[in-house]
Amino acid sequence: MSNKLLKGTLVLTLGTYISRFLGMIYVIPFFALVGETGGALFSYGYAQYTVFLSIATMGFPLAVSKFVSKYNSIGDYKTSRRMFKSGLLVMFLTGLIAFLVLYLMAPFLASQALGKNELDNVTIEDVVIVIRMVSLALIIVPVMSLVRGFFQGHQSMGPTAVSQVIEQIVRIIFLLTSSYLILKVWNGDLVTAVGYATFAAFVGAIGGLVVLIVYWYKRKHTLEALQPNTEPSLNIPFKQMFKELFRYAGPFVFVGLAIPLYQYIDTNTFNKAMVATGKDDIAQDLFSIVNFWVNKIVMIPVSLATAFGLTLVPTITKSFTERNYLLLNHQINQTFQLLMFLVLPAAVGLSVLAQPAYMLFYNHNEVGGNILAAYAPVALLFSFFTVSAAILQGINKQKLAVISLTFGLIIKASLNTPLIMAFEAYGSIMATALGFTGSILYSFAMIKRHANYRFKQFIKRSVLMGIFNICMVIVVLAMYSILSLFIDYQAGKVEAALLLTICVVAGGATYLYLAYYSGLLRVLLGARMNKWKKRARG
């Protein structure tokens with residue numbers, strides 16, 4: 001992997017991980033304030049918002065990233081500037097339209113999500129309020145996303161990383177403060193508190209946009225897009241320019257909808273399936289656990305894949321445009337291996353330590369812990385789907401990425417209701433896992449065909465990583481058994497945190513030692529690791 005790709009990936013990964021970490025931590029006090037019912041209500045509104053947001057952005061941010069990378073690589077910076085300015089107007093208009101549609105459709109969407117007029121003291125009117133509060137964020141988030149895409153097209157990941165963190169910090173501060181004041185100080189109701197918690201998306205987006213504006217004014221004289229063209233401008237007509245952009249954007253918007261669409265299927269089928277089997281008394285609590293509380297934890301490892309995907313698109317596009325297929329295959333190979341190396345132990349460890357992890361974040365709930373244990377391995381599938389879709393788009397096989405997602409969604413939609421009726425919450429997880437597995441297998445086959453990529457080395461090293469994970473699990477379970485004699489994680493969050501910390505450190509140290517001793521770390525990090533060694537010795 002080139003130093004530029006690795007550096008960009010590390011910068012964006014750090015920003016994304018900090019953002020995800022903050023997004024994980026805030027649910028601890030938020031759960032204490034609103035409980036399972038509040039989590040379900042929050043999820044009803046956010047599920048609708050994420051789908052409409054993806055439609056509003058139309059894949060423009062990543063498409064602009066690819067467009068800018070392509071034209072910058074041939075020295076036509078003027079065309080990149082024209083696309084950016086036009087894209088801002090388009091994003092504002094589509095965001096405004098999406099806001100109006102979601103606001104007006106809120107009653108219909110609420111009735112579909114709830115499954116009946118009232119479920120566990122939550123009414124359709126309550127869900128409508130939450131949906132309408134979060135819909136306001138659609139006015140500003142698309143514009144912010146486009147600016148991020150423009151920076152990423154220049155392989156400048158810092159603005160995106162910093163704005164993500166600031167956006168999350170502002171959002172969380174507003175969310176927790178408003179929820180606490182409404183529920184604890186002003187003795188307000190749960191619906192109002194959750195409504196303002198979703199409105200925090202709008203407030204956070206303002207914070208993120210301000211950061212990007214500051215970056216823009218700092219760099220406007222040095223950005224490549226503002227340098228004189230090194231080649232004559234192609235002077236592409238706007239119609240042709242947008243036609244090319246939409247060709248990129250169509251697949252991006254669809255693939256970007258992957259996880260939201262899977263959750264949206266659950267939002268509209270979970271309660272109905274549970275009610276149909278006479279289990280409406282536990283439907284909403286299980287829905288909130290699967291679709292919100294557990295999902296928040298599982299998405300932490302997935303943020304790595306998101307960072308890889310954002311970085312890969314412009315970089316792989318550059319290699320593909322320059323017909324540097326040797327570098328292209330090296331980038332794909334290193335990305336797959338690094339992703340497996342980082343996400344697999346995170347997913348496995350989370351599954352093994354699910355019960356104390358659920359206790360640390362929320363409360364002691366054996367059902368919640370079991371669901372987390374079952375859901376954690378799906379993080380690996382989320383990750384590989386995201387990255388494989390990014391690779392297909394980077395090599396101009398956007399349609400194949402769409403076919404891959406469509407295939408998976410068909411599996412999920414077809415199996416979700418019968419599996420939920422048979423296995424309750426676990427049925428939803430099984431349908432999700434089967435859907436993403438189908439998509440990944442198709443994507444891998446297409447990458448092999450069109451990038452001439454060979455999976456042999458990746459498979460061999462994945463087997464080695466699997467063996468290391470087995471050793472890690474043995475150490476973690478042994479440590480867990482010994483510590484359980486002295487520490488009862490059910491006694492409180494401090495005990496759960498202590499147990500988790502010791503087990504994670506022991507497991508992580510085992511995994512890294514085996515990777516270092518076997519030479520795997522040296523192979524994956526290459527020259528970068530040699531530099532770290534020299535610095536350590538110095």
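Leaving aside its neighbours within four places in sequence, which residues is Ser178 in contact with? I would like to start there, and I should say at once that what we are looking at is a predicted model. The residues in question are Tyr196 and Ala197.

Ser178 itself is found in helix α7, and at 9% relative accessibility it counts as buried, because the cut-off for that word is under 20%. If you follow the side chain of Ser178, you will find that it reaches the backbone oxygen of Phe174 at 2.7 Å. It also helps to look at Ala200, which is 22 residues from Ser178 along the chain, while the C-alpha atoms of the two are separated by 8.9 Å.

Let me stay with α7 for a moment and move to the loop that lies between α7, residues 158-185, and α8, residues 190-219. Asn187 sits in that loop, and its phi is positive, near 55 degrees, although Asn187 is a residue other than glycine. Is Asn187 buried or exposed? At 64% relative accessibility it counts as exposed, because the word is used for values over 50%.

Further along the chain, please look at Asn452, in the loop between α17, residues 425-450, and α18, residues 456-484. Asn452 is not a glycine either, and it has a positive phi of about 55 degrees. With a relative accessible area of 59%, Asn452 is exposed.

Now I turn to helix α10, which covers residues 258-276. How far apart should the ends of α10 be? At 1.5 Å a residue, its 19 residues should span 27 Å, and the end C-alpha atoms are indeed 27 Å apart, so the expectation and the model agree. Even so, α10 has a kink of about 35 degrees, centred on Thr269. The helix is mostly covered, with 15 of its 19 residues buried, and it is followed by Gly278, whose phi is positive, near 75 degrees.

My last topic is empty space. Rolling a probe the size of a water molecule over the atoms shows where such space is left. In this structure there are two cavities of 30 Å³ or more, and the second largest has a volume of about 50 Å³. Its lining includes Ile259, Tyr262, Gln263 and Asp266, and among the other lining residues are Asn291, Tyr375 and Thr432. The elements that give two or more residues to this lining are α10 and α11, residues 280-321, and α10 gives the most, with four residues.

Definitions and conventions. Residues are numbered from 1 along each chain as its sequence is written. This is a predicted model: local features need pLDDT of at least 70, side-chain atom pairs count only at pLDDT 80 or more; totals for chains, interfaces and linings use all residues. Side-chain values use heavy atoms; hydrogens and water are left out. The expected span of a helix is 1.5 Å times one less than its number of residues. The bend at a residue is the angle between axes fitted to the seven residues ending there and the seven starting there. Buried means under 20% relative accessible area, exposed over 50%, partly exposed in between (1.4 Å probe, protein chains only). Contact means heavy atoms within 4.5 Å. A polar contact is a pair of N or O atoms within 3.5 Å; within protein, one must be able to donate a hydrogen and the other to accept it, and residues adjacent in sequence count only if both atoms are side-chain atoms. On a 1 Å grid over the protein atoms alone, a cavity is a set of points where a 1.4 Å probe fits but cannot get out, and a pocket is an open set with protein on both sides within 12 Å along at least five of seven lines; lining residues have an atom within 4 Å of a point. Grid points are joined across faces, edges and corners, and a volume is the space filled by probe spheres set on the points.
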